[in-house]
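Here are my notes for your first look at this model. Keep the viewer open while you read, and take the points one at a time.

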Amino acid sequence: MTTVLVIALILAMAATLFALVRGIIAFLQATKEELNLPEGAPRPSSLKQNRMMMNRILFQAGTVIIIALLLMMKGNG
């Protein structure tokens, strides 16, 4: 069981890193045209940034839960 959780932990950490990098890339790809849109208009890059950062938060939560499970198993073993 521990091996499965360690593999899941590695995958969750990789997914977190991937979402973080994708969000940063989306942030850097904001074009001048998007920056000149009227105030309050949703920008495609902003929507992508928000989606990637929300995914990062979800992956981080999963990672923390897996770590907590591993710690609980170690404490009982």
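1. Let me start with a question to try in the viewer: leaving aside its neighbours within four places in sequence, which residues is Thr63 in contact with? Before you look for them, remember that this is a predicted model. The residues to find are Leu9, Ala12, Met13 and Thr16. Thr63 itself sits in helix α3. Its relative accessibility is 9%, and residues under 20% count as buried, so Thr63 is a buried residue.

2. Now step back to the overall plan. The protein has three helices and zero strands, and reading along the sequence gives the pattern α-α-α. The radius of gyration is 18 Å, well over the 11 Å that the globule rule gives for 77 residues, so the protein is more spread out than a compact globule. You can see this in the C-alpha trace too: along its principal axes it spans about 60 × 20 × 10 Å.

3. Next, look at how two of the helices meet. As general background, two packed helices are described by the angle between their axes and the distance between the axes. Here, helix α1 covers residues 2-28, and its axis comes within 8 Å of the axis of α3. The two axes cross at roughly 160°. Angles over 145 degrees count as roughly antiparallel, and therefore α1 and α3 are described that way. The crossing of α1 past α3 is left-handed.

4. Phe59 is a good residue to visit next. You will find Phe59 in helix α3, which runs over residues 44-76. Is Phe59 buried or exposed? The answer lies in between: its relative accessible area is 35%, so Phe59 counts as partly exposed. Setting aside neighbours within four places in sequence, Phe59 is in contact with Ala12, Ala15, Thr16 and Ala19. Take the pair Phe59 and Ala15: they are 44 residues apart along the chain, yet their C-alpha atoms are separated by 6.5 Å. Notice that Ala12 and Thr16 are contacts of Phe59 and also of Thr63.

5. Leu5 belongs to helix α1. With 11% relative accessibility, Leu5 counts as buried. Not counting residues up to four places away in sequence, Leu5 touches Ile66, Leu69, Leu70 and Met73. Please also try the distance from Leu5 to Asn36: these residues are 31 apart along the chain, and their C-alpha atoms are separated by 47 Å.

6. Arg51 is another residue of helix α3. Its relative accessible area is 46%, which makes Arg51 partly exposed. For a sense of scale along the chain, compare Arg51 with Gly62: they lie 11 residues apart, with 17 Å between their C-alpha atoms.

7. Finally, some totals for the whole protein. How much of the protein is made up of buried residues? They account for 19% of the 77 residues. The protein exposes about 5,800 Å², and carbon and sulfur atoms supply 72% of that area. Among contacts between residues at least 6 apart in sequence, 78% join residues at least 24 apart. The pair Phe59 and Ala15 gives you an example to look at, since these two are in contact and sit 44 residues apart along the chain.

Definitions and conventions
Residues are numbered from 1 along each chain as its sequence is written. This is a predicted model: local features need pLDDT of at least 70, side-chain atom pairs count only at pLDDT 80 or more; totals for chains, interfaces and linings use all residues. Side-chain values use heavy atoms; hydrogens and water are left out. Helices (H or I, at least four residues) and strands (E, at least two) are DSSP runs, numbered from the N terminus. Buried means under 20% relative accessible area, exposed over 50%, partly exposed in between (1.4 Å probe, protein chains only). Contact means heavy atoms within 4.5 Å. The radius of gyration is taken over C-alpha atoms; the globule rule is 2.2 Å times the number of residues to the power 0.38. Accessible areas come from the Shrake-Rupley method with a 1.4 Å probe; for residues, only the protein chains shown count as cover. Axes are lines fitted to C-alpha atoms, for helices over the stretch in contact, and angles run from 0 to 180 degrees between N-to-C directions. Angles under 35 degrees count as roughly parallel, over 145 as roughly antiparallel, 65 to 115 as roughly perpendicular and the rest as oblique. A crossing is left-handed if the near helix is turned anticlockwise from the far one by less than a right angle, and right-handed if clockwise.
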